[in-house]
Amino acid sequence: MDCRQPDRLLIRKEVRHLPKGRRLFIAKSYSTRKCNYRCRHCLVSAPNAHHPQLPLQDFLHIIREIAVCGINRVDITGGEPFLRSDFEEIVKELSSFNIDIGTVFTNASLLTEDVLQMLKKYHQYPAFQLSFDGLGHHDWLRGVEGAELEADKAFRLLQKHELQPNMEKSKAGVTNGTVLLS
Ligand code: SF4
C-alpha cells in the first residue's frame, strides 16, 4: 500500500500532505471519548462526547495503515483509554506490527496489576501520564469523590513495580505524573 494514498476516510489529511521526503514516526490516538470522570477542564467533554469511540474494526484498520506508513510509536489518550473493553485487542494488533505504545494518558482509576501484566504479555512498556492535581484538590477538579485515593493507589502500584513517578507542573498549575514502565 502506498502511504501517500491511504484510506481517505481514516487517515488525517495532514499525512497525505507531508513535504516530500518527510515521514511521520509517531501517532497519537484518542482511543475513546468515554470517561468515568467529570473533570472541570476536560478537553474532549468526556463523558458526554457526541462520538464516543471508534469501533474496534476501524481501529485495527488504522493500525494496519499506519504500520504501512512506517509509524513505529503510538501514544494513547482519551477519554479514559482503559474503559475500552477491547483495549487488549488494540495492544495485540500494535504489537503484531512492532508498533510501540509510547505513552498512555490515563486518569489512573483503572490502572491495575492485570493491565500491567497484559501490557507486558505483548512486550509493551509505555510511559504512563497520570492525572494528579494536588492533595485535597484532586476530587474537586476531577468531579469524582475518591479520585485522589485512586490516583494514590495507581502510584503505589507503579512504585511496587519499582517505577519512579516523574512529577511536573502543567501550565494550568495542575500537576501531572509521568511514570516509566520498565
Ligand atoms: S480524566 Fe481526562 S478525559 Fe476524563 S473527564 Fe478528566 S480530563 Fe476528561
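These are my notebook entries on one predicted model.

**Entry 1: overall layout**

I started with the secondary structure. The chain has six helices and six strands. I then read their order along the sequence, which is α-β-α-β-α-β-α-β-α-α-β-β. Next I looked up burial. The chain has 182 residues, and 29% of them count as buried. I also checked how far apart in sequence the contacts reach. I took the contacts between residues at least 6 apart, and 72% of these join residues at least 24 apart.

**Entry 2: β2, β3 and β4**

I moved on to strand pairing. How do β2 and β3 run relative to each other, parallel or antiparallel? They run parallel, and three bridges join them. Strand β2 covers residues 73-77, and strand β3 covers residues 100-106. For one position in this pair, I noted V74 opposite I101 of β3. The connection from β2 to β3 goes through helix α3, residues 87-96. I logged this β-α-β crossover as right-handed.

I followed β3 to its pairing with β4, residues 127-132. This pairing is parallel too, with four bridges between the strands. Here I picked out F105, whose bridge partner in β4 is Q129. Helix α4, residues 113-121, forms a β-α-β unit with β3 and β4. I recorded that unit as right-handed.

**Entry 3: α2 against α3**

I turned to the packing of two helices. Helix α2 spans residues 56-68 and packs on α3. At what angle do they pack? I got about 15°, with the axes 10 Å apart. I therefore class α2 as roughly parallel to α3, since the cut-off for that label is an angle under 35 degrees. The crossing of the two helices is right-handed.

I listed the residues that meet here. From α2 they are L56, F59, L60 and I63. From α3 they are E89, I90, E93 and L94.

**Entry 4: the loop between β2 and α3**

I went through the backbone of this loop. A cis peptide bond turned up between G78 and G79. Its omega is about 20°. I placed G79 in the loop between β2 and α3.

P81 sits in the loop between β2 and α3 as well. Is P81 buried or exposed? It counts as buried, because it has 25 C-beta neighbours inside 10 Å and the threshold is 20 or more. I looked up what P81 touches, leaving out residues up to four places away in sequence. The list is S31, T32, I76, F87, V104 and T106. I checked S31 further. S31 and P81 are 50 residues apart along the chain, yet their C-alpha atoms are separated by 5.9 Å.

**Entry 5: positive phi outside glycine**

I searched for positive phi in residues other than glycine. I noted two cases. A108 has a phi of about 80°. I located A108 in the loop between β3 and α4. H123 has a phi near 60°. I located H123 in the loop between α4 and β4.

I then asked where each one stands on burial. Why does A108 count as buried? The reason is its 25 C-beta neighbours inside 10 Å. Why is H123 exposed? H123 has 10 other C-beta atoms within 10 Å, and a residue with 12 or fewer is classed as exposed.

**Entry 6: W140**

My last lookup was a tryptophan. W140 belongs to helix α5, residues 138-142. I counted 14 other C-beta atoms within 10 Å of W140, so this residue is partly exposed. I also took one long-range distance from W140. Its partner was R38, 102 residues away along the chain. The C-alpha atoms of W140 and R38 are separated by 9.7 Å.

Technical notes:
Residues are numbered from 1 along each chain as its sequence is written. This is a predicted model: local features need pLDDT of at least 70, side-chain atom pairs count only at pLDDT 80 or more; totals for chains, interfaces and linings use all residues. Two residues are in contact if their C-beta atoms, placed from the backbone, lie within 7 Å. Two strands pair if DSSP finds at least two bridges between them. A crossover is right-handed if, with the strands pointing away from the viewer, the path from the first strand over the helix to the second runs clockwise. Axes are lines fitted to C-alpha atoms, for helices over the stretch in contact, and angles run from 0 to 180 degrees between N-to-C directions. Angles under 35 degrees count as roughly parallel, over 145 as roughly antiparallel, 65 to 115 as roughly perpendicular and the rest as oblique. A crossing is left-handed if the near helix is turned anticlockwise from the far one by less than a right angle, and right-handed if clockwise.
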